[in-house]
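Dear colleague,

I am handing over the structure we spoke about, with its sequence, and below it you will find my notes on what came out of going through it. Please read them with the model open beside you.

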Amino acid sequence: MNQPPWEGLFPTLRRIRFNLKLRNIEPLRIGVGRGGDRLGAPVDLSVYRQQVVRKDGGGYKISLEPVIPGSSLKGVLRTASMALAASCGLEAHSGVGGDDCVNKIFGNTKTFDEYRGERTPDDVRSALRGFCPLCLLYGAPNFSSRVHVGDFVPTTGARVGVKTGVGINRRTGAAQVGMLYTVEYVEPGAVFEGSISAVNTPNWMLALLAGSLLAIGQGWLKIGGFKSRGMGRVEIVGVEFKVEPVKVEANSCLLPPLDLEVDEPLSLNGCRVKGYSAICGDAAAYRLLEELATAWSSKYCSKLRELFEKRRKTAQQLIEAYQASSEGEGF
Ligand SMILES: [Zn+2]
């Protein structure tokens with residue numbers, strides 16, 4: 001069976017993009033931390049702001065507005081994917097502090113880089129297939145993420161509110177004298193627009209990504225700080241999905257398998273076909289998200305669990321053989 005080389009990012013075999021609109025239904029607080037606050041800011045804990053360019057009559061206007069940084073959303077997405085993968089018994093690394101496949105399989109990034117530089121492309125791909133779904137999708141040290149999350153910018157001006165909090169003494173449970181602080185947040189109801197794109201995601205990876213997006217959109221995971229104090233819940237109010245290349249057969253359009261041992265063809269019903277691309281608007285795109293998320297838990301998860309052990313063993317054998325051969329050098 002000749003597998004398309006989906007394990008790396010080159011060549012580009014598939015490109016996908018989700019254009020999303022997220023609305024916060026609870027106050028939203030993505031902070032800059034005390035150290036990052038603007039000098040002389042009137043509040044203790046400001047929200048993160050960025051320059052946003054907007055059309056203004058015939059010209060443009062630049063204003064400093066609260067945004068959801070792509071890095072924040074990507075972090076929450078990875079957490080959602082970890083929960084989904086771990087709950088079906090798959091290995092799932094956070095990518096933080098050495099908790100990743102490069103360190104777990106190769107021992108360190110140097111060995112990983114040397115292996116990549118010295119072994120055949122087939123051996124490198126076999127080793128990468130032994131990576132956990134999380135590292136394959138979101139990256140590991142010296143191994144690029146295949147998912148890119150852009151910044152999410154308010155569609156119209158988002159209103160910022162300020163709240164005064166009272167520090168609580170953890171021992172007595174009473175208010176602590178002299179511990180008043182002010183906190184900024186985005187008022188509920190703001191709509192943020194942005195996109196998530198990815199390359200070389202087999203259909204099973206797309207299913208994991210879709211399940212993670214829905215977990216956030218359904219409020220299982222929240223964004224930003226003060227989550228336990230009723231902040232950070234968002235909902236999906238708009239979604240468009242674009243993918244290429246697709247396969248057009250008779251009257252249907254399909255996303256063909258990429259990881260041939262796991263993937264099943266995905267039917268893109270209700271999507272517009274333009275050349276090699278399919279564009280799915282709101283209703284069709286949301287249905288697709290749901291279908292993919294269901295496919296993750298009903299099919300892909302158990303299929304991968306069985307296959308993953310085999311793939312990991314192959315990867316480990318290759319690396320052990322490589323390490324044994326490089327230890328022998330110089331004698
Ligand atoms: Zn991993």
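One cut-off is needed from the start: a residue is called buried if 20 or more other C-beta atoms lie within 10 Å of its own, exposed if 12 or fewer, and partly exposed in between. Please also keep in mind throughout that this is a predicted model.

By that cut-off, 35% of the 331 residues of the protein count as buried. The secondary structure comes to seven helices and 14 strands, and the C-alpha trace spans about 65 × 60 × 40 Å along its principal axes. Of the contacts between residues at least 6 apart in sequence, 73% join residues that are at least 24 apart.

Helix α1, residues 70-87, is a good place to begin. Its 18 residues reach 26 Å from the first C-alpha to the last, which is close to the 26 Å expected at 1.5 Å a residue. The buried residues of this helix are L73, V76, L77, R78, A80, S81, M82, L84 and A85. An α-helix has 3.6 residues a turn, so residues three or four places apart point the same way. Among the elements that cover the buried residues of α1 are α5 (133-138), β4 (147-149), α6 (203-217) and α7 (282-327). After the helix comes G89, with a positive phi near 85°.

The second region I would like you to look at is a small set of strands. Strands β10, β11 and β12 form an open sheet in that order, with antiparallel pairing; β10 and β12 are its edge strands, each pairing on one side only. Strand β10 (residues 247-249) is joined to β11 by three bridges, and the two strands form a hairpin with two residues between them, where A250 in the turn has a positive phi of about 40°. Within this pairing, K247 has L254 as its bridge partner, and V248 stands opposite C253. On the other side, β11 pairs with β12 (residues 266-267) over two bridges, again in the antiparallel sense, and L255 stands opposite L266. Along β11 itself (residues 252-255) the side chains alternate, with C253 and L255 pointing to one face and buried, whereas S252 and L254 point to the other face and are not buried.

Several backbone details deserve a check by eye. The peptide bond from F10 to P11 is cis, with omega near -10°, and P11 lies in the segment before β1 (15-24). A cis peptide bond is also found from E244 to P245, with omega near -5°; P245 belongs to the loop between β9 (234-244) and β10.

Two residues other than glycine have a positive phi and may be taken in turn. N200, in the loop between β8 (191-199) and α6, has a phi of about 50°. Is N200 buried or exposed? N200 has 22 other C-beta atoms within 10 Å, and therefore counts as buried. F226, in the loop between α6 and β9, has a phi near 60°. For F226 the count is 19 other C-beta atoms within 10 Å, so this residue is partly exposed, since the buried class begins at 20.

With best regards

Key
Residues are numbered from 1 along each chain as its sequence is written. This is a predicted model: local features need pLDDT of at least 70, side-chain atom pairs count only at pLDDT 80 or more; totals for chains, interfaces and linings use all residues. Helices (H or I, at least four residues) and strands (E, at least two) are DSSP runs, numbered from the N terminus. Two strands pair if DSSP finds at least two bridges between them. Two residues are in contact if their C-beta atoms, placed from the backbone, lie within 7 Å. The expected span of a helix is 1.5 Å times one less than its number of residues.
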